[in-house]
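Reader: Could you take a close look at one part for me, the place where the two chains meet? I'd like to hear how that contact is built, and then how the rest of the model fits around it.

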Amino acid sequence: MTEASTPPATEAPTAQEHVTAPRVKVILTPVEGADLKAALAMVGRQVYVPQPEVVVVHPDPGELPVGVTRVGSLEEAIAATDQDISYLWILHSDARPRPDALSALVTEVERNEAALGGSKLLRAGTPDVLESVGSATDVFGEPYSGLDEGEIDLQQYDVVREVAFVGSASMLVRRDLAQGLKGLDPRMPPVAAGLDFSQKTRLAGGRVISVPSSEVYHQDRCQEKMGGWRELAGRLRAMVVGYSPLTLAWVLPYDFAVSLLDAIANLLLLRVKPALDYLRSWLWNLVFLPSTIGQRRRFRPVREMGDEELFRFQARGSVRLRETFSELSSRFISVFDEDQALVRGARRIWTAPGLWGAGLAVAVILIGARSIILGGMPNIGSSFPFEPGREAFRLWFDGWADSSSPVHPSVGVNGVLAWLPLGSLETTRTLATIGFGLLAVLGMGRLAGRIGLRGPGRYLSGLVLLGGPGIMLITGAGSWTALAAASLLPWAVRTGFIHPSDTRPRRAHVGWALVIGVLLAAFSPALIAVPLVSAILWMLWGGKRASLLPALAALLGTVVALPFLLADPGWLVDSGRRLGLVSPVLWPALIVLATVPLMLRDSQERVYATVGASLSLAGLVVSRLALGGPGVDEATLVVASFGAAMVVSAGLESLSLEPRRLLGAFAAAVIVILSIGSVGNGRLGLPEGDVNRALAFAETLADQDGPGMILVASTERGDIPGEARPASGYWYRLVDGRGMTYHQVWHPAPGSADAELEAVLDRISTGSALRPGEALAPFAVEWVVLSGPDFRLDDVLRSQLDLVPTPLNTEMRILENPLARPLPATDAAATDLDRYLALGSVLVLVAGIGLVAASRWVR
Amino acid sequence: MRLAALIVVVLLAAAATVIPEGGQPQPDPLLGTELPAMAVCPVQEGAGRSTRLMVLSTVDGPARLSSFAGGEETAHVDLVIGPEGLVAVDMVDVAAVGTVGSLVELPMLESAVGTLVTGPESVAAESCLSTPRQEFFITGGSTASEEEFELHLMNPYSGEAIVDMVVRSEVGIEATAAFSSLVVPPRTSHVVDFTRVLPGREEISITIAVQKGAIFGAGRQRSDGASAMWNAVAAGQNNWHVPIPAGEGRTLLIGNPSGIEVDFQIDHFGPEGLEDALQGGIIEPRGRVEIDLDEISIEAGAIRVVATGPVVPVLTSRPGLAYTTGSDQVATLWLIPAARLEGVEAPEEDGEVPEEEEEAGDEENGEEGEEAEAQEGVATRARLVILNPEIDDVVVSYRPLGMAEVNEVELGAEDVVEILVDPADGYLVESTGPIVVLWVIEQQGAAAFSIGVPLPDG
């Protein structure tokens, strides 16, 4: 805005002003179907001295009034303009200016030292319905007027202001500029031509203003005849002519993607034409590319400003998409919203960048889970079917049936999930997996939101949490548990950050911390330290709003994992059992690139990014050092992704052309793209495969005693479902022939039978056991399955007497042991300590829920 | 604080980049391999032939003998070797099995099994095989007139075996579909009758490559009622020793299992000591050369075969028809699976073959010698031919298993001795230095050779 202008603009010029007023040439451009004589009459009624020269651009205008001349083209008209003419008023022949329109234009353009001024356009034949008061655009040139449909002119926009462009229906341009730009692009329709001309004007150093005091009624015949795909094509051409090569390098692919998305969205609205329009516009531009390049060359000498000048008045995102999705959501919401209360707000919803990010992230999650949705969950790595609820709880309380060794604590959580009425256990597992994906996105968004971030990155960072530097490795190795733990981690960390506007009592936060702490520790016990570490780092790096109490309370959740950890501490500390997954060195570089520019700013984003980078890089360092067992490996890799997600949240918080900021955003964007590549494999990063199906022959061929156990061995650790044990040159484990279920992923604490089996396998591995089937029979091993490349066991089992090779699978070597005996029944029971700890974890959970409920009740 | 944070982040990033990876966790180190304590023997029962298996061991312990055919174990018997270190089993007492394979599961590796097949006019002996090979070789077969040759492939294991055979005779490589992808089902013997498949060939050599599974092989040659049996052995050695008993009609066949030419040289250990590079030449790919040992000496001696590539030497003798493969090992301890044949009469005294007998052997032809023996009432005699290939003198002690009496003989460097021994089902030969031992049995014109089984030192 420059200044209020109404009074001077509406005043008649004084005699003195007449003497000094600049000379104007009116150029009437033809519009098919418009009444040229009426237009000339309106021009003739203009109160402006000296009387403007009038030129009609028309090949055959018929009889013209005295003093009105004809030219063949606009360019010709401009070129033929005398030096003593200061301004050209380019006017459509379907425009009907008020008598003072020209005077107001000239006055305001002069006053504001503008190069181009546009009139306020009102729809002809309506009670002052606004058509345009100058517009902003998005980066693709799509006009964004901010006007509601049918909005009446109540002088609410009557302020002279700089705008991105003005319509070509009525615009006043400096003669020298017009001659430099050689007028409007004749291949463009009116709006695009106006946009193109306005852009060029601004890039040439001129100001473009909207002059509301200059009112022009516009019949809009030009739009009727020349809208649609031609406008799209014109905008594209305007982009190619106006933007620098660097901008074009990203804006054209971006435009193509937006066009595609918009076309798809319109197809959902049963509209085919937009898709065809996009196609035609791109084709048109391809055909006229030489002409466009010529235009670009012609404009180059005039250009004085960079693209930043254009970006100044551009709206974020895509106006087209926003409107289409707004309509889509309106259609969807209207099913439930008969009075359209929500629909009225939907348009504004789509202008929130955070929600854009959320929508995109959720879409990626759903697309990334397509194979799971369509084909079911993989049964590989540590992703295996849940036990039925009752069995899961029994296992959680009593441990393994044969040894009473405690099971992984997440078995109990899965027991709860299995109780939910979501359908079959497989459906529950599928929904839980997708739910964890969505929970991760939502969790990262809410965590960043609590810090005060509102940009699109806060939800997009959820994709990094699910597919970032560490977790892509561990889920790629089949760890469903890591996926679940990762999705809970931002929620657990969030309990340590309290929003200034949050008036809930502290006990509510502590309650949530207890609940989420139990759940997080159940899936990944070592991660329970992360909320506390995050809060400490946050405070250390100068952040506010953090509280240690909830983070400390979350630590109590560890009680749920204590039986498992006490029975098998090697899971945390035995580095010989580590997963051995190491992230590529590209990731630290990207994290630093995304973080360092933010660290030079003074904002919450800086602290947030610093905490994230510290966590992520520390996680990557620890994973390289191989300091602990699989539990530590799992936690450090999840933390690496979590920290990277925090960095991305901050990096994409707001987009700017400031180089350092741009570099940070670029690195953050690369992290997001790489993460999407990992998440987008159809299984949210989990690998493909079904071990249970591959081993189903055991159940099929079982006798009345059941299928017994399957000894799976391979030199490739990844071929072994769940945890693997080392043997002489290979990995192995026993798998239940009925199919592996979730709790079997983790071995029970090693016992004497495990040592005996290891000794037997060692003897078999040396080749000295002529009857390995007899040796394996006491362990109920009915099948031996060798996977991966041939190895020692393949060699030695070629020359033995009692394991029978079978052709059941072409990819694995399967041998049957006819001598296998069922395992003797045991009546093992959990220790009292394990049961007390299990009950203790229930108490912590109940206490947490109680605190949350109590705080709500008090409020 | 901002600077501190920047430093921390950059340091962490540097650490995450430069710290070497912890590496993939590895399974336990690979254990060394051990052979299973077992042996596989070809067995023939019926048609006037019977088989006796001699199970020898340096330890007392249980053993198990089973025969396999048609995919299953057709019979088995549990054995106890006992303190004598020997148990002999006549297969006819186990089952009437025909031509099959038999498997002996032994108490430990320091054991040996031999098989002796006797017919109306024949005797054939060979040590049983204990190690399946991926590629093995046999040479010496002939299907010329009155000659019969068959290859006995034995698969005692639970998985099927598939083999490809490259057969070469005097006419070159024999291309027959029957020789490729030959399936030997689990627990089954497969006899390839070359008399039918390749009649009229005098020089058959076979390279057997195992494509799948594991297998053992032995050859059987028959001629004029006599028969011989010898093992197909691993085709990988180029240094062999072949003790040679005194007598006539002996030849040495040296086969080349590989697909390239091989240069070879033979050294002779004889009465005159070691004669280096006595002969030499080139063996064609998959082919063989034949060396008339009588031309070198009719006395007991030994041949060392050295070649530039893998070769397999086979000692043969006619007309008694005896075959055995040489030894690619030297050892100080040998088990000699032998056989106490019916009607054998022991010589009056163990010991080196008397000079006068050797001389008689020099002067008389074989037939006349046998007649003389028969006239003297010595229908069967057993001999050990012991070679000391090293440059130090050794003292060799030998005893028939089950007997307490131990005999000793001093053996000079690079010397050979031939000793008449009491007929027994097995012998234990010990020496103060590495030696090679061959056992010979002769009975009424029939003869059999068998290289002993070396035991690892210690």
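Author: Let's go straight to the contact: chain B puts 43 residues into it and chain A puts in 49 residues. Keep in mind that this is a predicted model; the predictor gives the complex an ipTM of 0.84 and a pTM of 0.70. Putting the chains together buries about 3800 Å² between chain B and chain A, with carbon and sulfur atoms giving 64% of that area. On the chain B side, the residues that lose the most area to chain A are B:Arg2, B:Val9 and B:Pro25, and together they make up 16% of what that side buries.

What about charges across the contact? Side chains of opposite charge can pair when their charged atoms come close. Between chain B and chain A the count is one salt bridge. You can find it where the side chains of A:Arg771 and B:Glu105 meet, with 2.7 Å from N to O.

Now for the chains themselves, starting with chain A. Chain A has 859 residues, and buried ones make up 57% of them. Its fold has 38 helices and 18 strands. If you take the contacts in chain A with a separation of 6 or more, 78% of them are between residues 24 or more positions apart. On the outside, chain A exposes about 34200 Å², and carbon and sulfur atoms supply 61% of that.

On the inside, the largest nonpolar core has 139 residues, and the ones with the most contacts inside it are A:Trp480, A:Phe523, A:Leu527, A:Tyr608, A:Leu617, A:Phe642 and A:Leu695. Helix α31 of chain A (residues 630-651) gives this core its largest share, twelve residues. For a feel of the packing, click on A:Leu695: leaving aside its neighbours within four places in sequence, A:Leu695 is in contact with A:Ile710, A:Val712, A:Val735, A:Gly737, A:Val785 and A:Met812. There is also a second, separate core of 99 residues, and B:Leu151, B:Phe179, B:Ala331 and B:Ala447 are among its members.

Back to charges, this time over the whole model. The structure holds 52 salt bridges over all chains. One of them pairs A:Asp158 with A:Lys120, the closest N and O atoms being 2.8 Å apart. That pair links distant parts of the chain, 38 residues apart: A:Asp158 is in the loop between β9 and β10 of chain A, while A:Lys120 is in strand β6. A:Asp158 counts as buried because its relative accessibility is 12%, and A:Lys120, at 0%, counts as buried too. These two also belong to a network of salt bridges in which A:Arg98, A:Lys120, A:Asp153, A:Asp158 and A:Glu215 are linked.

Another pair to look at is A:Glu142 with A:Arg235, where the closest N and O atoms are 2.6 Å apart. A:Glu142 lies in the loop between β8 and β9 of chain A and A:Arg235 in helix α9, so this salt bridge ties together parts that are 93 residues apart in sequence. Both A:Glu142 and A:Arg235 are buried. Contrast that with A:Arg174 and A:Asp176, whose side chains meet at 3.0 Å, N to O. Here A:Arg174 is partly exposed at 28% relative accessibility, and A:Asp176 is partly exposed at 42%.

A few backbone details are worth a look as well. A cis peptide bond joins A:Val49 and A:Pro50, with omega about 5°; A:Pro50 is in the loop between α3 and β2 of chain A. Chain B has a cis peptide bond between B:Arg318 and B:Pro319, again with omega about 5°, and B:Pro319 is found in the loop between β25 and β26. A:Leu684 has a positive phi of about 55° although it is not a glycine, and at 1% relative accessibility A:Leu684 counts as buried. B:Ser181 has a positive phi near 50°, but B:Ser181 is partly exposed, with a relative accessible area of 48%.

Finally, confidence. Chain A averages a pLDDT of 85, with 93% of the residues scoring at least 70; over its residues 1-18 the pLDDT stays under 50. Chain B averages 86, with 91% of the residues at 70 or above. Within chain B, the pLDDT is below 50 over residues 355-378.

Conventions. Residues numbered from 1 in each chain as written. Chains lettered and ligands numbered in written order. Predicted model: local features only at pLDDT ≥ 70, side-chain atom pairs only at ≥ 80, totals over all residues. Heavy atoms only, no water. pLDDT = per-residue confidence, 0-100. Contact = heavy atoms within 4.5 Å. Helix = DSSP H or I, 4+ residues; strand = E, 2+ residues; numbered from the N terminus. Buried < 20%, exposed > 50% of the residue type's maximum accessible area, 1.4 Å probe, protein only. Areas by Shrake-Rupley, 256 points an atom, 1.4 Å probe, with all protein chains shown as cover. Core = buried A, V, L, I, M, F, W, Y, C linked by side-chain atoms within 4.5 Å. Buried area = accessible area lost by both parts, 1.4 Å probe. Salt bridge = Lys/Arg side-chain N within 4 Å of Asp/Glu carboxyl O.
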